[in-house]
Amino acid sequence: AWSPSLAFDKADFIIYNGKVITVDPQDRVVEAVAIKDGKILQAGTTQEILQLADADCKSIDLRGKTVTPGLIDSHYHLMYYGAQFWPGYLNIRHPVVTSKADLLQLLQQHVASLQPGEWISGNQGFTLRMFETINRGDLDAVIPNNPAYLRHCSGQYSVVNSAALDSAGIDNNTPNPPGSLIMRDEQGNPTGILSHYPAENLVGQYAAGYGDRTDQQKFEDIERGQQLAFEAGYTSVQDVIVGSIRDIMLYKQYADSGLLKIRLYAMLYIDVEQEADTLAKIFKPVDSGLFHFAGWKLAMDGGIAARTTLFYDKSLYAAQISYPYHTQDELNRMVQTLHNTGLQVAVHVSGDEGIDMTLTALEAAMKANPRPEPRHRIEHGLFPTASALQRMKENGIILSTQPQWISWYSDGFEQATDASAMANLLPMKSMLDDGIHLAFGCDVPASLYQEPKWAFNGAILRRSVQSGIVYNPEQKLSAQEALRIHTMGSAYAGFAETTTGSLEPGKFADLVIWSHDLYTMSPSKLIDLAAELTMVGGRIVYDAGENVVVSVASSPAELPIPRRVEWLQNYPNPFNASTTLQFVLSATADVEITLYTLRGEELRKWRFESCPAGLRTLNWDAVDQAGKPVAGGMVLCSIRVGEERVVAKLILLK
Ligand SMILES: [Zn+2]
């Protein structure tokens with residue numbers, strides 16, 4: 001494994017004494033990995049890797065822990081997910097709202113705090129129980145005087161009240177925007193349900209935090225989004241709905257200014273044919289360091305909960321108000337135009353009929369203007385028929401999908417479809433065996449949670465979180481298969497498999513240290529899996545404080561150097577009024593102690609010069625620098641001695 005030609009290259013970072021899952025072609029698991037200039041220098045045994053340490057090499061002793069390549073998310077909404085935590089939105093996401101009753105109760109409480117006419121703008125979004133529906137009458141009963149714009153979690157429809165329809169000037173005579181519906185009752189009155197983006201935007205453009213987001217806010221959204229992605233263990237994400245050229249340019253500016261730390265691949269979303277014609281002529285790919293724009297995104301149907309899934313069987317509840325967002329002819333023309341730009345084309349579609357229509361358009365475009373590996377993609381693709389699988393295989397069409405939905409939504413899918421539809425639900429094992437390219441993504445905020453443990457949970461167990469029912473157990477994947485899809489598979493879907501997706505010499509040092517070993521842990525414990533440290537290009541971008549980063553001497557004989565500071569558990573812990581921090585110093589040193597929140601906000605800081613060696617204690621009375629009591633929850637305590645830092649968790653009970 002150790003190549004003599006690299007013997008003179010020294011590492012600037014080594015990670016050793018654990019299990020390093022490389023996801024290389026042999027799926028090797030080694031003990032250690034060496035990094036130089038942001039790239040993998042070598043992977044091998046601890047002994048081999050320690051010899052590569054340079055004079056000022058940093059290191060992490062894994063103490064048996066597991067490293068994998070950084071996870072790559074093939075279907076993410078980075079800027080938009082970051083926006084979800086904007087304080088101006090009413091938080092209506094799971095688990096705050098899980099039913100119609102929850103939503104109405106929350107709105108009723110919230111409305112009391114508003115000025116007349118002030119907007120209620122929800123983040124994305126609420127979930128209801130299966131078969132529950134909601135309309136403007138339900139909202140009017142609790143919000144008579146304030147316009148309200150509330151998006152469903154899936155992002156496939158919104159519900160608005162009468163005040164919102166009035167504000168946007170929507171009435172019986174307002175035509176449906178192309179590819180979307182203003183739902184109406186028998187008298188032709190809008191019901192308050194707006195199906196799909198163009199109809200939703202009729203109201204959304206006026207709602208606080210939607211149409212009016214400033215560039216500065218959008219930068220903050222990107223910043224928050226990338227931090228959340230790092231905490232989950234993603235080192236690359238593919239943002240499959242960038243809504244405008246403005247947003248593409250904001251991503252580029254953010255990258256050019258050096259603030260982007262995640263690898264970001266973007267696709268521009270297109271609603272209507274005219275837009276496709278225009279953009280195809282004027283817009284060129286962008287390749288700007290960590291940021292790439294290289295794809296187009298279309299949609300052909302909606303979602304299960306929205307009842308807009310394009311199934312052949314229109315009697316299914318999931319297809320009750322389904323309609324193709326584009327006719328076959330229009331889709332053919334749009335896909336051809338976009339394919340001819342040389343960029344990738346991805347289509348959001350889940351129903352069997354919609355998938356077949358999409359494949360027809362992709363096949364025609366590729367046949368009329370062939371090129372090697374355009375890597376066109378189906379997003380979600382929940383219910384493909386056997387013939388659709390065959391067509392995907394023959395044409396190299398990638399399926400980019402969300403196994404998390406099996407964990408969280410499969411009971412709902414079953415209620416909203418039938419046994420023959422459910423027999424086709426994400427046949428991932430068959431697809432893998434057939435050589436079809438798969439990629440995984442979490443699709444937040446259209447999914448409940450962003451952590452990749454939910455993708456692994458769905459793919460490996462195929463078990464509903466609520467009912468415990470296992471759906472199509474013969475389609476379960478192994479942990480090895482699921483990890484390969486979430487790394488190399490997603491890398492392939494974004495044309496990045498030669499530089500990311502595995503820990504092999506020459507590739508970027510994008511990696512994650514995990515709380516558990518995905519390969520050996522019990523699948524029933526998967527929900528405990530957490531990222532502890534995330535690195536992009538050799539740079540630590542997230543550190544939960546579980547792993548100590550130290551500098552090492554150049555001579556292998558001295559490795560590893562003893563620690564200068566050792567944390568002892570504070571007492572009491574958990575605590576309420578006060579707690580005593582204690583640590584041991586091996587020599588006299590300057591010590592800096594910082595307390596901060598999980599979000600990284602600093603609470604309190606102490607500096608001690610020439611602190612004597614031995615056991616040291618410090619009492620903390622649970623107040624911040626300004627003397628204000630600190631809110632309950634987890635508090636992180638960092639003790640820094642020179643280059644060395646230990647981080648411990650304190651639990652404050654209130
Ligand atoms: Zn999505």
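In the predicted model, the sulfur of Cys611 lies 13 Å from the closest cysteine sulfur, that of Cys637, which is too far for a bond. The same separation holds when Cys637 is taken as the starting point, its closest cysteine sulfur being that of Cys611 at 13 Å. Both side chains belong to buried residues, Cys611 having a relative accessibility of 9% and Cys637 a relative accessible area of 1%. Because a disulfide requires two cysteine sulfur atoms within 2.5 Å, this pair does not qualify, and a search of the whole structure finds 0 disulfides.

The zinc ion has as its protein donors His75 and His77, each through NE2, together with Asp443 through OD, at distances of 2.1 to 2.2 Å. Along the chain these donors follow the spacing H-x1-H-x365-D. His77 is placed in the loop between strand S8 (71-76) and helix H2 (78-83), whereas Asp443 is placed in the loop between strand S21 (438-440) and helix H16 (453-461), so the pair ties together parts that are 366 residues apart in sequence. His77 and Asp443 are both buried.

Helix H16 is itself mostly covered, with 9 of its 9 residues buried; among them are Lys453, Trp454, Phe456 and Leu461. The buried residues of H16 pack against S8 and S21, as well as against helix H13 (404-416), helix H15 (428-433) and helix H17 (479-493). The helix is followed by Arg462, which has a positive phi near 50°.

The loop between H17 and strand S22 (511-514) contains Lys507, a residue that counts as buried at 7% relative accessibility. Its C-alpha atom is separated by 5.6 Å from that of Ile40, although the two residues are 467 residues apart along the chain. When residues up to four places away in sequence are not counted, Lys507 touches several residues, including Lys39, Ile40, Met488, Glu497 and Ser502.

Salt bridges number 26 in a search of the whole structure. Asp510 forms one of them with Arg263, with the closest N and O atoms 2.6 Å apart. Asp510 is located in the loop between H17 and S22 and Arg263 in strand S15 (residues 263-269), so this pair ties together parts that are 247 residues apart in sequence. Both partners are buried, with a relative accessible area of 4% for Asp510 and a relative accessibility of 14% for Arg263. A further salt bridge joins the side chains of Lys218 and Asp247 at 2.9 Å, N to O; Lys218 lies in helix H7 (residues 215-232) and Asp247 in helix H8 (residues 245-256), so parts 29 residues apart in sequence are tied together. Lys218 is buried at 10% relative accessibility, and Asp247 is likewise buried with a relative accessible area of 10%. In addition, Arg213, Asp221 and Arg224 are linked in a network of salt bridges.

The protein is divided into domain 1 (1-70 + 501-561), domain 2 (87-204), domain 3 (215-500) and domain 4 (563-652). The C-alpha centres of domain 1 and domain 4 are 28 Å apart, and contacts between these domains involve 11 residues of domain 1 and 7 residues of domain 4. Together they bury about 720 Å², of which 43% is on carbon and sulfur atoms, and 3 salt bridges are found across their interface. Lys58 and Glu643 meet through their side chains in a salt bridge of 3.4 Å, N to O. Glu546 and Lys649 form another, with the closest N and O atoms 3.0 Å apart, and this pair links parts of the chain 103 residues apart. Glu546 is partly exposed, with a relative accessible area of 30%, and Lys649 is also partly exposed, at 35% relative accessibility.

Definitions and conventions: Residues are numbered from 1 along each chain as its sequence is written. This is a predicted model: local features need pLDDT of at least 70, side-chain atom pairs count only at pLDDT 80 or more; totals for chains, interfaces and linings use all residues. Side-chain values use heavy atoms; hydrogens and water are left out. Donors are N, O and S atoms within 2.8 Å of the metal (3.2 Å for Na, K and Ca); water is not among the atoms, so sites may look incomplete. Helices (H or I, at least four residues) and strands (E, at least two) are DSSP runs, numbered from the N terminus. Buried means under 20% relative accessible area, exposed over 50%, partly exposed in between (1.4 Å probe, protein chains only). Domain bounds come from an automatic or database domain assignment. Contact means heavy atoms within 4.5 Å. Buried area is the accessible area (1.4 Å probe) that two parts lose on being put together, summed over both. A salt bridge is a side-chain nitrogen of Lys or Arg within 4 Å of a carboxyl oxygen of Asp or Glu.
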